[in-house]
Amino acid sequence: MIDSPLIASVPKTPTRIVLVEDHAILREGLKALIEIEPDFEIAGDFGGVEECLAGIGHLRPDLVLTDLALPQCSGFELLQRIKHVAPNARKLVLTAHNSEEYIRAALNAGADGYVLKDANRAELMLAIRTVSAGQQFLCKAIASKILTGYLSGGEARRAGNSSQNITGREREVLTRIALGESNKIIARALALSVKTIEKHRSNLMRKLHLHNAAAITMFAVRNGLTSGEQSARSDVVPLQNISLG
């Protein structure tokens, strides 16, 4: 019997990251934190939108980590324009803004993840790895804020075209799933059987092309199906971090 030849392992190419932060001292600090990680490489760093767009055109980064408050024009515009100069680059927002309006605007502009500047180093590294892997990420503080907001029927804003074909009952189930409620809790609250809730859940996944509860949460945020008010309900179980496939 002839032994099979050993196949040499090929080192993984580091994730190439571009930083966009107008405060130089913060930018230097981020570079120092990120470059400690062996699977990350800072391909470039910029203080404004125009120089960033000029740079990433030839740098071709895997991920752009950007603030939203930038000189010249906003980070929202940067997120939109990155699609044209580096369409394959993933986009992660790192900002101090925690309002739902900012979160929704960033996601609609093309952000793949959203992290607050008071997050710790471990959470930022997790966010970078999650977004680089093709998933979406909301930091713990944002996830808790979103999932504890309550949507009543009269406060619902119009969702996008992709949600027009869901029923009123499915919309209510979708909202409760986004709140982190289990099928059993939803069934009890709506006076329905667990099997009925499972059927509604399955129909939602199929109609909206969503694959898990976390994806439903992101859909709810993007389409304005959450409110900024805090809920006092005790049966809501918030997720700690959301990674969306």
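Strands here are DSSP runs of E with at least two residues, numbered from the N terminus, and Thr-95 is found in one of them, strand β4, which covers residues 90-95. The model is predicted, and this briefing takes up its largest pocket, helix α5, and two buried residues, Ile-34 and Thr-95.

**The largest pocket**

- The volume of the largest pocket is about 190 Å³, and its lining is made up of 14 residues, among which Leu-30, Leu-33, Leu-94, Lys-117 and Leu-124 lie nearest the centre.
- At least two lining residues are supplied by each of α1 (24-35), β5 (113-116) and α5 (121-132), and the largest share, five residues, comes from α1.
- Sorted by class, the lining of this pocket holds nine nonpolar residues, together with two polar and three charged ones.

**Helix α5**

- Helix α5 has 12 residues, which at 1.5 Å a residue should span 16 Å, and the separation of its end C-alpha atoms, 16 Å, agrees with that expectation.
- At the start of α5, a side-chain oxygen of Asn-120 comes to within 3.3 Å of the backbone nitrogen of Ala-122, while just after the helix Gly-134 adopts a positive phi of about 95°.
- The buried residues of α5 are Glu-123, Leu-124, Met-125, Ala-127, Ile-128, Thr-130 and Val-131.
- As background to such a list, an α-helix has 3.6 residues a turn, so residues three or four places apart point the same way.

**Ile-34 in helix α1**

- Ile-34 belongs to helix α1, and it counts as buried because its relative accessibility is 0%, where the cut-off for buried is under 20%.
- When residues up to four places away in sequence are not counted, Ile-34 touches Ile-17, Leu-19, Phe-40, Ile-42, Leu-65, Met-125 and Ile-128, and of these Met-125 and Ile-128 are among the buried residues of α5.
- Although Ile-34 and Leu-124 are 90 residues apart along the chain, their C-alpha atoms are separated by 9.1 Å, and Leu-124 is also one of the residues that lie nearest the centre of the largest pocket.

**Thr-95 in strand β4**

- Thr-95 is likewise buried, since its relative accessible area is 0%, and its side chain makes a polar contact of 3.4 Å with the side chain of Asp-67.
- Leaving aside neighbours within four places in sequence, Thr-95 is in contact with Asp-67, Leu-68, Tyr-114, Val-115, Leu-116 and Lys-117, of which Lys-117 is also listed among the residues nearest the centre of the largest pocket.

Methods. Residues are numbered from 1 along each chain as its sequence is written. This is a predicted model: local features need pLDDT of at least 70, side-chain atom pairs count only at pLDDT 80 or more; totals for chains, interfaces and linings use all residues. Side-chain values use heavy atoms; hydrogens and water are left out. On a 1 Å grid over the protein atoms alone, a cavity is a set of points where a 1.4 Å probe fits but cannot get out, and a pocket is an open set with protein on both sides within 12 Å along at least five of seven lines; lining residues have an atom within 4 Å of a point. Grid points are joined across faces, edges and corners, and a volume is the space filled by probe spheres set on the points. Helices (H or I, at least four residues) and strands (E, at least two) are DSSP runs, numbered from the N terminus. Ala, Val, Leu, Ile, Met, Phe, Trp, Tyr, Cys and Pro count as nonpolar, Asp, Glu, Lys and Arg as charged, and the others, Gly among them, as polar. The expected span of a helix is 1.5 Å times one less than its number of residues. Buried means under 20% relative accessible area, exposed over 50%, partly exposed in between (1.4 Å probe, protein chains only). A polar contact is a pair of N or O atoms within 3.5 Å; within protein, one must be able to donate a hydrogen and the other to accept it, and residues adjacent in sequence count only if both atoms are side-chain atoms. Contact means heavy atoms within 4.5 Å.
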